[in-house]
Amino acid sequence: MKLFKLTCKFVLGAILASPWVQGNSSEIDFTRDVQPILEHNCVSCHREDNAKGDVRLDTKAATLAGDDVLVPGDPEASSLYWTTTLPLDDELIMPPIKNEEKDYPLTDAEKAVLKQWIVDGAEWPEEIVLEPRKRLPKTISFVEHVQPILELNCVACHYEGKVKADLRLDTKAYAFATDYVISPGNALESDLYVLCTLPMDDEMFMPPAPADPLSSGDLYTLRRWIDEGADWPEEVTLAPKKKSLTILGTMPKDLYQELGFSEGPVTDEFSEYEEEISTSDLAFELVPIEGGEFTMGSSLDDSSRGEDEWPAHQVEVSDFWMGKYELTWDLYELWMLNIDRDNRAYKKMEETKADALTDAVTKPTAPYTDMTFGMGKSGFPAICMTQLSAKMYCMWLSARTGRFYRLPTEAEWEYACKAGSNTAYNFGDDPESLPNHSWHLKNSFFQYQSVGKKPANGYGLFDMHGNVWEWTLDQFAPPPSTSPANKRVNPMVVPTSLYPRVVKGGSWDDGPQNHRSAARMASDESWKQQDPQIPKSVWYHTDALFVGFRVVRPREIPPLEDIEKYWPSEAEILAIPSR
């Protein structure tokens, strides 16, 4: 990791020995000390959408609302603490011991942190909402769990070939040469750990930008290892390793064949249905959209039309199902944060072929910040994803359900939005009526809203106007100046460049014109402007707080040779690490 900028007087050794660092590490800090314990051990079963025993531990308000769950100042009266101290065979012990080979109680150090935190008044910043995270292994192995963290994040600047600030971390002898870099049995006296927990804008934060900070799991693993004695086999020498941005998974044609897809119509009844995600308690609804001919775009005589709208022309689309709502965070994070796999591990579900196929689909790197930007999560539309992410989610969803899902084409989306109408909006031409049908700039309170709160259109679809723009499959091309002479059948502009691509529907941050059924917008590289990563992420548009998507399922499966038009192509997947 690159050394942060300091005046030439100072070196890392002086910083590590700093009384400031040492003197401030022992006090209980919620974010550093308590939050990881709760997130990695408790929140998966006690959160808004999975409140077992009617207990929630994901927010301060919900935790305090529980019956004696948390009693500030009195750990013995707080079930959050005393249930962790019960004998292993007690049915009330938390976390529960269902599998003795994998499950384990909190460590003595963790219980001591919880106890002291409660004694001190259980300080919990109101704005912090906890997220479920995977439990660590019962036993921390240096070679399996700690060595990769150090080699990927630290050793590149601190080994025999490159010794920054006289510090080496490639062998046990060098790493333990002082008592403040690693202090066995006390992570809070070990600056290898403490410096990684500082605020990211602190000049002593490690690893410094542009490197990514350690993940919550890596930090928690490092702390457990040190607190448990920091065992480091004498014979193990570390070498710097390059961090892979993404583990590349299965290719689209391989998944198509593994799922047994073949070209032609599906035999399912063409009716509304609910798709359940078997590894969770979640489901989403799909509405059948009977294909037909419609007028795409808007009349050139319409004085209110946007300059990017297609001129009115005839288009025909085939039957498809479409998500009744914009895809929500609850469903999206099953893939994005790998909660699908974590759920299976926690529930000890027997592995199926679908599990193997979904695990093989490429997953995104962890987001560097909260992608909801404080606007809400459960029941709210997922946002800030790139088109690649949305397409990869559809690929994952297909693997999980065994049904072929994809994004809509621009023509399909507009056909579904218009729902048989020939007016500017599917409810008429008057923009003054927009507040009754859409979340837009003047009624959204400057953020997105829960899906399905406005009336559905004639096809039973919600939020086709407003809330968030929605991805389509098409490359954005400037519309022709005159209407196409011939009817277009199932048109799609297959992308040939990363930008621009088409989003439809308008958002909470737009005025009436962008909510028109024919309105369209082009994606832009500036949607990643705030992304601090180098290279910028292929998965997130950190500035597109107004873009989401919904899925469709065509009634006819495309041929194998066309699958890369709908899912990420093999070339796109292979290019991910370099983008």
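Trainee: What covers the buried residues of α3?
Mentor: Quick background: this is a predicted model, where local features need pLDDT of at least 70, side-chain atom pairs count only at pLDDT 80 or more, and totals for chains, interfaces and linings use all residues. Residues are numbered from 1 along each chain as its sequence is written, and side-chain values use heavy atoms, leaving out hydrogens and water. Helices are DSSP runs of H or I with at least four residues, strands are E runs of at least two, and both are numbered from the N terminus. Buried means under 20% relative accessible area, exposed over 50% and partly exposed in between, with a 1.4 Å probe and protein chains only; the cover over α3 includes α5 (79-82), α6 (108-119), α9 (191-194) and α10 (216-227).

Trainee: How many of the 12 residues of α3 are buried?
Mentor: Phe-30, Val-34 and Leu-38 are among the buried ones, and so are charged-looking names such as Arg-32 and Asp-33. α3 is mostly covered, and the count is 11 of its 12 residues.

Trainee: How do the axes of α3 and α10 lie to each other?
Mentor: The two axes, lines fitted to C-alpha atoms over the stretch in contact, have an angle from 0 to 180 degrees between N-to-C directions. They come within 11 Å and cross at roughly 110 degrees. Angles under 35 degrees count as roughly parallel, over 145 as roughly antiparallel, 65 to 115 as roughly perpendicular and the rest as oblique, so α3 and α10 are roughly perpendicular.

Trainee: Which backbone oxygen does the side chain of Tyr-104 reach?
Mentor: Tyr-104 sits in the loop between α5 and α6, and it's buried because its relative accessible area is 5%. Contact means heavy atoms within 4.5 Å, and Tyr-104 touches Arg-135, Leu-136 and Pro-137, among others. At 2.9 Å, its side chain reaches the backbone oxygen of Leu-136.

Trainee: Which side chain makes a polar contact with the side chain of Gln-475?
Mentor: Gln-475 is in strand β11 (residues 469-475) and counts as buried, since its relative accessibility is 7%. A polar contact is a pair of N or O atoms within 3.5 Å; within protein, one must be able to donate a hydrogen and the other to accept it, and residues adjacent in sequence count only if both atoms are side-chain atoms. The Gln-475 side chain also reaches the backbone oxygen of Pro-500 at 2.6 Å, while its side-chain partner, at 3.0 Å, is Ser-497.

How values were computed. Lists of a residue's contacts leave out its neighbours within four places in sequence.
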